[in-house]
Amino acid sequence: SPFSASLVPVVAFGLLSVAVLYGMVAGTFQMLEDVYDALLYGLRLAAPYLLFYILLAQLYFSLLFIFG
C-alpha cells in the first residue's frame, strides 16, 4: 500500500531532522557546511565498499545463473 511504502522514508526524514536540530542546539553544527559534512561522513566511509559489493553481487548472481 502507499502508506507502508512511504513509512520508511518519512521516519528516516523525521529522525534526520531531529538529529540535525539536536546538533544545531548542542552547538555541534555551526554552519550549514557542518551539517552537510556530517550527512556525507557515512557515505565517505561506505563509498570504497560500494563498488566491491556490486562486483560481488554480479559474480554471485552470474554463478547462480550458470550453475543454478
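**Entry 1: the loop**

I started at Met31, which is exposed, with a relative accessible area of 51%. The cut-off for exposed is over 50%, so Met31 makes it into that class at 51%. I noted for myself that this is a predicted model. Next I looked up where Met31 sits, and found it in the loop between α1 (2–26) and α2. I then took the distance from Met31 to Val8, 23 residues away along the chain, and got 28 Å between the C-alpha atoms.

**Entry 2: overall build**

How many helices and strands are there in the protein? I counted two helices and zero strands. I checked the radius of gyration next: it comes to 19 Å, while the globule rule gives 11 Å for 68 residues, so the protein is more spread out than a compact globule. For the box around the C-alpha atoms, along the principal axes, I wrote down roughly 55 × 35 × 15 Å.

I also went through burial, and 6% of the 68 residues count as buried. The protein exposes about 6200 Å², and I put down 78% of that area to carbon and sulfur atoms.

**Entry 3: from α2 back to Val20**

I picked two residues of helix α2 and took the distance from each to Val20. Tyr36 has its place in helix α2 and is exposed, at 52% relative accessible area. Its C-alpha atom is separated from that of Val20 by 9.9 Å, with the two positions 16 residues apart along the chain.

Gly42 also lies in helix α2. I have Gly42 down as partly exposed, at 39% relative accessibility. Here the C-alpha separation from Val20 is 15 Å, and the two are 22 residues apart along the chain.

**Entry 4: charges**

Side chains of opposite charge can pair when their charged atoms come close. I searched the whole structure for that and came back with one salt bridge. Which side chains meet in it? They are those of Asp37 and Arg44, at 3.6 Å from N to O. The cut-off I worked with is 4 Å, so the 3.6 Å of this pair is within it.

I looked up the exposure of both partners too. Asp37 is partly exposed, at 31% relative accessibility, and Arg44 is partly exposed as well, at 49%.

**Entry 5: aromatic rings**

I went looking for ring pairs and the structure holds one aromatic pair. The rings belong to Tyr60 and Phe61; with the centres 5.1 Å apart and the planes at 75 degrees, I filed the pair as edge-to-face. The angle needed for that label is over 60 degrees, so 75 degrees qualifies. Of this pair I checked Phe61 for exposure: it is exposed, with a relative accessible area of 55%.

**Entry 6: a nonpolar patch**

Last, I mapped a nonpolar patch on the surface. Its members are Phe52, Leu56, Leu59, Leu63, Phe65, Ile66 and Phe67, and together they have about 840 Å² of accessible area.

I took Leu56 as the member to follow up. Its place is in helix α2, which I have as residues 32–67. Is Leu56 buried, exposed or partly exposed? I got a relative accessible area of 42%, so I wrote down partly exposed. Patch members need over 30% relative accessible area, so Leu56 passes that cut-off with its 42%.

How values were computed. Residues are numbered from 1 along each chain as its sequence is written. This is a predicted model: local features need pLDDT of at least 70, side-chain atom pairs count only at pLDDT 80 or more; totals for chains, interfaces and linings use all residues. Side-chain values use heavy atoms; hydrogens and water are left out. Helices (H or I, at least four residues) and strands (E, at least two) are DSSP runs, numbered from the N terminus. The radius of gyration is taken over C-alpha atoms; the globule rule is 2.2 Å times the number of residues to the power 0.38. Buried means under 20% relative accessible area, exposed over 50%, partly exposed in between (1.4 Å probe, protein chains only). Accessible areas come from the Shrake-Rupley method with a 1.4 Å probe; for residues, only the protein chains shown count as cover. Patches are made of residues with over 30% relative accessible area and no salt bridge: like charges are joined within 9 Å, nonpolar side chains (Val, Leu, Ile, Met, Phe, Trp, Tyr) within 5 Å. Rings of Phe, Tyr and Trp (its six-membered ring) pair if their centres lie within 6.5 Å; planes under 30 degrees apart count as stacked, over 60 as edge-to-face and the rest as tilted.
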